[in-house]
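Biologist: I'm just starting out with structures, and the inside of a protein always looks like a tangle to me. Could you take me slowly through the buried part of this one?

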Amino acid sequence: MIQLSLQKHLHTADGDLLLQLDLALKQGGFISLYGASGTGKTSILRMLAGFMSPDSGTIHVEGSCWFDKNKKINVSPQRRNVGMVFQDYALFPNMTVRENIAFALKRHDPLSIVDELLELSGLTNLALRKPQGLSGGQKQRVALARAIAQRPALLLLDEPLSAIDRELRRSLQETLQEVHRRYHLTTVMVSHDVEEIVRLSDKVVHIANGKGIQYDSPAAFFELQKGDVVDVRKEGDKTYVTVLVENGGLSVGDKVKFERE
Ligand SMILES: Nc1ncnc2c1ncn2[C@@H]1O[C@H](COP(=O)(O)OP(=O)(O)OP(=O)(O)O)[C@@H](O)[C@H]1O
């Protein structure tokens, strides 16, 4: 269980904003943060990772306290056991794909984990390449595999797929789904993409006016029903339409499926 109660004054372009967030996230859950630009979504991830200090509040992750303002506890980012994937994949340029992933292993971890992740991410044939020889989507797969290799208590994804074109994004979403199914990593993702949120997450938190409101069904939050168009996107001369074909909405995977026409 992950429990947070955070308060932070943000200095936004429109003046000061008090961000207040109370959240409980069950182990293995996948939650998405959704909201307009500048509402503090990335700041929430940074506070979870330890790169930004809340003004007050607490963060507890699976029984350990990472932050408690009153008790003056603020565990460093290195000791928080967080995996992160951001839009700009920060890979080590001088290491191969395999080495980039292996770098995240803990000391006694078997190297077979790297092979498993290479296979899961469709990177086996690229294992010996350096990052400069990879496409954006492939680099993002490496970043994801590396984040998973450390088997973090919390996986933080900040619009990890937004710089990637439609086709690749779809296949990366499938990889993310598979990762989540296999490793049960508690995941918090920032996304503006309704389709992505409904497909991947089991809860959504809408951040607006400094407050976060949690909804148990992303499909219901977006007021989607069977047959509704979730997303229309033009890419080159093709138009992709995503439709919700089953209304159930409480979880992704078996219950919510998508089709393209
Ligand atoms: N350390 C800080 N202290 C106070 N305010 C900050 C700090 N860091 C960032 N901010 C401000 O917080 C606001 C929210 O930024 P943040 O990146 O969290 O929003 P966001 O919801 O992720 O936006 P986007 O969707 O555009 O990525 C911004 O106006 C930013 O300038």
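Modeller: Sure, we'll start with the whole protein, go into the core, and then look at the strands, helices and loops around it.

One warning first: this is a predicted model, where local features need pLDDT of at least 70, side-chain atom pairs count only at pLDDT 80 or more, and totals for chains, interfaces and linings use all residues. Residue numbers start from 1 along each chain as its sequence is written.

The protein has 7 helices and 14 strands (DSSP runs numbered from the N terminus: H or I over at least four residues for a helix, E over at least two for a strand). Of its 261 residues, 38% are buried. Buried here is 20 or more other C-beta atoms within 10 Å of a residue's own, exposed is 12 or fewer, and partly exposed is in between, with C-beta atoms placed from the backbone. Now take contacts (C-beta atoms, placed from the backbone, within 7 Å) between residues at least 6 apart in sequence: 63% of them join residues at least 24 apart.

Now for the core itself. A nonpolar core is a set of buried Ala, Val, Leu, Ile, Met, Phe, Trp, Tyr and Cys residues joined through C-beta atoms within 7 Å. The largest one here holds 57 residues, and those touching the most other members are Leu48, Ile101, Val142, Ala145, Leu154, Leu156 and Val188. Helix α4 gives the most to this core, with 7 residues. Try clicking on Val142: if you leave aside neighbours within four places in sequence, Val142 is in contact with Tyr89, Leu91, Val97, Asn100, Ile101, Leu123 and Pro131.

Val188, another of those core residues, takes us to strand β9, residues 187-190. This strand is covered on both faces: Thr187 and Met189 are buried on one side, and Val188 and Val190 are buried on the other. Strand β9 also has partners, where pairing takes at least two DSSP bridges between two strands. Strand β3 (residues 30-34) runs parallel to β9, joined by 4 bridges, and Phe30 stands opposite Thr187 there. Strand β8 (residues 154-158) pairs with β9 in the parallel sense too, over 4 bridges, with Leu156 opposite Val188.

Back up a little along the chain and you reach His184, in the loop between α5 (166-183) and β9. The phi of His184 is near 50 degrees, a positive value in a residue other than glycine. Most residues other than glycine have a negative phi. His184 counts as partly exposed, because it has 13 C-beta neighbours inside 10 Å.

Next, a helix with two sides. Helix α3 covers residues 112-120, and its buried residues are Val114, Leu117 and Leu118. Look down the helix axis and those buried residues fall within an arc of 105 degrees, so they line one face of α3 (the arc is that of the directions from the helix axis to the C-beta atoms). Ser112 and Glu119 sit on the other side and are exposed. What covers the buried residues of α3 includes α2 (97-102) and α4 (136-149). Just after α3 comes Gly122, with a positive phi of about 65 degrees.

Helix α1 has its own buried set: Lys41, Ser43, Ile44, Leu45, Met47 and Leu48. You've met Leu48 already, among the core residues with the most touching members. Just after α1, Gly50 takes a positive phi of about 95 degrees. Carry on into the loop between α1 and β4 (56-61) and you find Ser53. Ser53 is partly exposed, as 14 other C-beta atoms lie within 10 Å. Ser53 and Gln7 are 46 residues apart in sequence, but 9.6 Å apart in space from C-alpha to C-alpha.

One last loop to check is the one between β6 (73-74) and β7 (82-86), where Asn81 is found. Asn81 is not a glycine, yet it has a positive phi of about 55 degrees. With 17 other C-beta atoms within 10 Å, Asn81 is partly exposed.

If you want one spot to come back to, choose Val188: it is buried in β9, stands opposite Leu156, and is listed with Leu156 among the core residues that touch the most other members.

Conventions
Two residues are in contact if their C-beta atoms, placed from the backbone, lie within 7 Å.
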